[in-house]
Amino acid sequence: MVHSRKIVQGLILALALGLTAMLVMGIWRGKTQQVERAAQQGESTDAAMKLSDMEYTEMQEGRQLWTLKATEARYFQDEQKTELSAVHLTLYLEDGDQVLLESKKGILFAGTKNIELSDTVRATLPRGYTLSTEKAFYDHQIKAIHSDTLLHLKGPDIDLQGNQWRFQIPERQGMVEGQV
């Protein structure tokens with residue numbers, strides 16, 4: 001009888017230890033999942049708004065100036081900017097030609113409508129010219145594109161590198177400078 005009583009007490013103790021271990025594991029997993037969820041939500045909750053497959057066309061006096069497309073757009077109201085992923089910016093020239101800029105990342109500044117493109121920027125210009133660089137900037141006020149990073153320009157009878165590039169859209173004038 002004493003022997004069976006010790007067996008029962010041992011089983012109760014083992015059961016209590018097992019339940020305690022399960023409770024501790026459950027609490028630990030719950031905390032870990034909360035931290036993971038908070039980290040995932042922290043990425044998207046910083047933005048006031050998030051859009052997928054975004055497209056916006058800027059118009060002036062009934063004419064298209066440019067069209068901006070991105071696979072993802074995250075708007076930050078405090079900073080008045082929209083971070084973009086997989087960016088395609090088409091600038092429409094008055095004669096019907098287009099300038100196409102593509103990059104992995106970009107930023108649209110809401111107040112000025114200036115656009116910064118970064119991470120593998122590729123520009124397709126009229127008359128068969130292409131340009132590649134790491135960063136480019138569209139200035140909406142003066143209707144110009146420029147880059148102050150190393151670039152490579154290719155086109156009919158031309159293949160050169162430089163440190164700066166500027167393209168005045170209304171005048172259709174391009175310029176490459178810096179150790180050309």
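Q: Which residues does Thr 133 touch, not counting residues up to four places away in sequence?
A: The model considered here is predicted. In it, Thr 133 has its place in strand β6. Once residues up to four places away in sequence are set aside, the residues that Thr 133 touches are Thr 120, Val 121, Ser 147, Thr 149, Leu 150 and Leu 151.

Q: Is Thr 133 buried or exposed?
A: A residue counts as buried when its relative accessible area is under 20%. For Thr 133 this area is 5%. Thr 133 is therefore buried.

Q: Which backbone oxygen does the side chain of Thr 133 reach?
A: The side chain of Thr 133 takes part in a polar contact of 3.4 Å with the side chain of Ser 147. It also reaches a backbone oxygen at 2.9 Å, and that oxygen belongs to Leu 150.

Q: How many aromatic pairs does a search of the whole structure find, and what is the geometry of the pair formed by Trp 66 and Tyr 138?
A: The search finds 2 aromatic pairs. In the pair of Trp 66 and Tyr 138, the centres are 6.2 Å apart and the angle between the planes is 70°. Planes over 60 degrees apart count as edge-to-face, so the geometry of this pair is edge-to-face.

Q: How far apart in sequence are the parts that the pair of Trp 66 and Tyr 138 ties together?
A: Trp 66 lies in strand β2, residues 63-76, whereas Tyr 138 lies in strand β6, residues 129-139. Both Trp 66 and Tyr 138 are buried. Because the two rings sit in these two strands, their pair ties together parts that are 72 residues apart in sequence.

Q: Which residue forms one aromatic cluster with Trp 66 and Tyr 138?
A: The cluster holds Trp 66, Tyr 138 and one further aromatic residue. That residue is Tyr 56.

Q: How many residues are in the largest nonpolar core?
A: In soluble globular proteins, nonpolar side chains tend to be buried together. Among the members of this core that touch the most other members are Trp 66, Leu 101 and Trp 165. Strands including β2, β4 and β10 each supply at least two residues of the core. The largest nonpolar core has 29 residues.

Q: What share of the residues in the chain is buried?
A: The chain has 1 helix and 11 strands, and the helix precedes the strands in the pattern read along the sequence. Of its 180 residues, the buried share is 30%.

Definitions and conventions: Residues are numbered from 1 along each chain as its sequence is written. This is a predicted model: local features need pLDDT of at least 70, side-chain atom pairs count only at pLDDT 80 or more; totals for chains, interfaces and linings use all residues. Side-chain values use heavy atoms; hydrogens and water are left out. Rings of Phe, Tyr and Trp (its six-membered ring) pair if their centres lie within 6.5 Å; planes under 30 degrees apart count as stacked, over 60 as edge-to-face and the rest as tilted. Helices (H or I, at least four residues) and strands (E, at least two) are DSSP runs, numbered from the N terminus. Buried means under 20% relative accessible area, exposed over 50%, partly exposed in between (1.4 Å probe, protein chains only). A nonpolar core is a set of buried Ala, Val, Leu, Ile, Met, Phe, Trp, Tyr and Cys residues joined through side-chain atoms within 4.5 Å. A polar contact is a pair of N or O atoms within 3.5 Å; within protein, one must be able to donate a hydrogen and the other to accept it, and residues adjacent in sequence count only if both atoms are side-chain atoms. Contact means heavy atoms within 4.5 Å.
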